[in-house]
Amino acid sequence: ATAVTEMLEKLGIKEINPAYSTGLNWGGQNNKEVREIYSPADGNLIASVRMATEEDYDAVIRKAEEAFKVWRTVPAPKRGEIVRQIGNKLREFKEPLGKLVSYEMGKILQEGLGEVQEMIDICDFAVGLSRQLQGSTMHSERASHRMYDQYHPLGIVGVISAFNFPVAVWSWNAMLAAVCGDVTVWKPSEKTPLTALACQHIIRDVLADNELPEGIFSVIIGDAKIGSAMAHDVRVPLVSATGSTRMGKKVGEAVGARLGKSLLELGGNNAIIMTENADIEMALRAVVFGAVGTCGQRCTSTRRLIIHDSIYNDVKARLLKIYPNLPIGNPLSDGTLVGPLIDKDAVEMFTNALDAVQKEGGKLLIGGEVLEGEGYESGTYVTPAIVEAKNEYHLVQEETFAPILYLIKYSGSVENAIEIQNGVKQGLSSSIFSTNMLETEAFLSHWGSDCGIANVNIGTSGAEIGGAFGGEKETGGGRESGSDAWKVYMRRQTNTINFGRELPLAQGIKFDF
Ligand code: UN1
């Protein structure tokens, strides 16, 4: 538990259980129900956290409402200044927070640090944005009239985040929402509450230094009941939810029923196409990182590899040489590339999926074992699997949140590969490896990839924060992070001003009396 102790010490928290000891604006004070948090890295108990009740939730929302009244009056560039200070604090805490992410969630330290880097980057992005929340001006059809649109804060933004990016995805939402003048109430995954509480500590200090109410950013540790309360709550005009399609449909329905806004970031079933013109060496680097990185638990993980038949055997042989040498082990140890799955339920999902796809006719080429013995006591370490499969298999159509890579053969032109790539319900990330411009442009064209993210000679995972992140179809349609994703966190208002002494009506309507 050194990562935990180190992080908590740096934050000045004396007790191992931060949830008991602080006066944070987090929901959990009323409940006796405690959830024990075990690290997937070594199976040790790292904390016990109280789960919030609906009463706790209500108290947090009321505090957030109060804070919004203050925050919306702060000029946007000044809100940016607060986010700049948060970014600086994150720079200071990058190492211990990255370690805590790695220890609590199981991703390797490089990726834990990378996740905190994403938070720092989105802070910088949001600071710049705080001076660029631009609307347009339009020419009125009426004389001596002026027309423009402007963006105003929405209010409370509910953020439901997943275990796999326990802190970065929240920060994409919270930092943009903050410069937009909104306050956020964050329900992190109940599997990763410690990293969330650590962030709340960091932020609380920045807010206190600036004499701002802590309710500008709140965290509530709870289960699906709390997520559901948020989805149904008219006091929360926008709910941004990251997780499974099953969860997203529930949230989307509940928010839709009250005509609120939702930003949904759901499952992916991402493919890399390798045409006969692929640079195979380069493609394999992307494939392996995409398929086994984060132990296959990114929503952008590479799940399907669609390979031209002329290079299929070569690609397969090379992958089968690489996979046995992937260092699997403690995510905090130097040299590890594959850490554990989040918990034993995930391990069961992984092995069940492999059984089921083999029943459908899939051929398991390598991997699929659950590791035992020294270093693997947590029971959450597996060997990444490669399966030869067909796109139409039921299992290939589903997102299994684990390191399973399906090899799918295509023949003929790139259009055939694109059809396979689009032939799933999800539409998050996609890539093509080809040095032929006709193929890559076809992939990016309006009859090409139907995903929210389409890359050329880059894998499916590891997007930069500067672009809008999200996908189509069952992925939910939301966009967060860069580009103009900020607009969803604001309400648009069209303003028309008459500076003449007459009242002409639009459309030239005469209405004299
Ligand atoms: C996620 O898995 O929910 O593009 C987000 C990527 C990361 C974000 C993934 N920047 O893989």
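**Exercise 1. The S2–S3 hairpin**

Task: State how many bridges join strand S2 to strand S3, and in which sense the two strands run.

Solution. Strand S2 covers residues 34–38, and strand S3 covers residues 45–50. Five bridges join them, and they run antiparallel. This is a predicted model. Take one pair: Arg-35 has Val-49 in S3 as its bridge partner. Next, the turn. Six residues lie between the strands of this hairpin, and Gly-43 takes a positive phi near 75° there. Now pick a residue of S3: Ile-46. Ile-46 has 21 other C-beta atoms within 10 Å, so it is buried; the cut-off for buried is 20 or more. Finally, look along the chain. Tyr-103 is 57 residues from Ile-46, and their C-alpha atoms are separated by 9.4 Å.

**Exercise 2. Length and burial of helix H7**

Task: Work out what span helix H7 should have at 1.5 Å a residue, and compare the distance between its end C-alpha atoms.

Solution. H7 holds 12 residues, 168–179. The expected span is 1.5 Å times one less than the number of residues. That gives 16 Å for H7; the end C-alpha atoms are 17 Å apart, which agrees. Then check burial. Of the 12 residues of H7, 12 are buried, so the helix is largely enclosed by the rest of the structure. Among them are Trp-170, Trp-172, Asn-173 and Met-175. An α-helix has 3.6 residues a turn, so residues three or four places apart point the same way. Just after H7, Gly-181 takes a positive phi of about 95°.

**Exercise 3. Strand S7 and its partner**

Task: Decide whether the residues on the two faces of S7 are buried or exposed.

Solution. Strand S7 spans residues 183–187. In a regular strand the side chains alternate between the two faces of the sheet. One side of S7 carries Val-183, Val-185 and Lys-187; the other carries Thr-184 and Trp-186. All of these are buried, and both faces are covered. The count is five of five residues. Next, the pairing. Strand S6 (residues 156–160) is joined to S7 by five bridges, and the two run parallel. Within that pairing, Val-157 has Thr-184 as its bridge partner.

**Exercise 4. An open sheet**

Task: Give the order of the three strands in the open sheet, and identify which are the edge strands.

Solution. The order is S4-S5-S22, with antiparallel pairing. The edge strands are S4 (137–138) and S22 (490–498), since each pairs on one side only. Now zoom in on one pairing. S5 (residues 145–153) and S22 pair in the antiparallel sense over nine bridges. His-152 stands opposite Arg-491 in S22.

**Exercise 5. Glu-265 and the ligand shell**

Task: Locate Glu-265, and list which residues it contacts beyond its neighbours within four places in sequence.

Solution. Start with the record. UniProt lists Glu-265 under "active site", in an unreviewed entry. The residue lies in strand S10 (residues 261–265). Glu-265 counts as buried because it has 30 C-beta neighbours inside 10 Å. With those sequence neighbours set aside, Glu-265 is in contact with Ala-241, Thr-242, Cys-299, Gly-470, Gly-476, Gly-478 and Glu-480. Now turn to the ligand. Residues around it include Thr-242 and Cys-299, along with Asn-164, Phe-165, Val-169 and Arg-298. The shell divides into four nonpolar residues, five polar and one charged.

**Exercise 6. Positive phi outside glycine**

Task: For Cys-295 and Ser-481, say where each residue sits.

Solution. Most residues other than glycine have a negative phi. Cys-295 has a phi near 50°, a positive value. Its place is in the loop between helix H11 (280–292) and strand S12 (302–308). Cys-295 is buried, with 32 other C-beta atoms within 10 Å. Ser-481 has a positive phi of about 75° and is not a glycine. Ser-481 lies in strand S21 (residues 480–481). Ser-481 is buried too, with 26 other C-beta atoms within 10 Å.

**Exercise 7. Leu-438**

Task: Classify Leu-438 as buried or exposed from its C-beta neighbours inside 10 Å.

Solution. Leu-438 is found in helix H16 (residues 437–444). The cut-off for exposed is 12 or fewer neighbours. Leu-438 has 11, so it counts as exposed. Val-414 is 24 residues away along the chain, and the C-alpha atoms of the two are separated by 9.3 Å.

Notes:
Residues numbered from 1 in each chain as written. Predicted model: local features only at pLDDT ≥ 70, side-chain atom pairs only at ≥ 80, totals over all residues. Helix = DSSP H or I, 4+ residues; strand = E, 2+ residues; numbered from the N terminus. Pairing = 2+ DSSP bridges. Near = placed C-beta within 6 Å. Nonpolar A, V, L, I, M, F, W, Y, C, P; charged D, E, K, R; others polar. UniProt positions renumbered as here; feature names shortened; annotations may be inferred. Contact = placed C-beta atoms within 7 Å.
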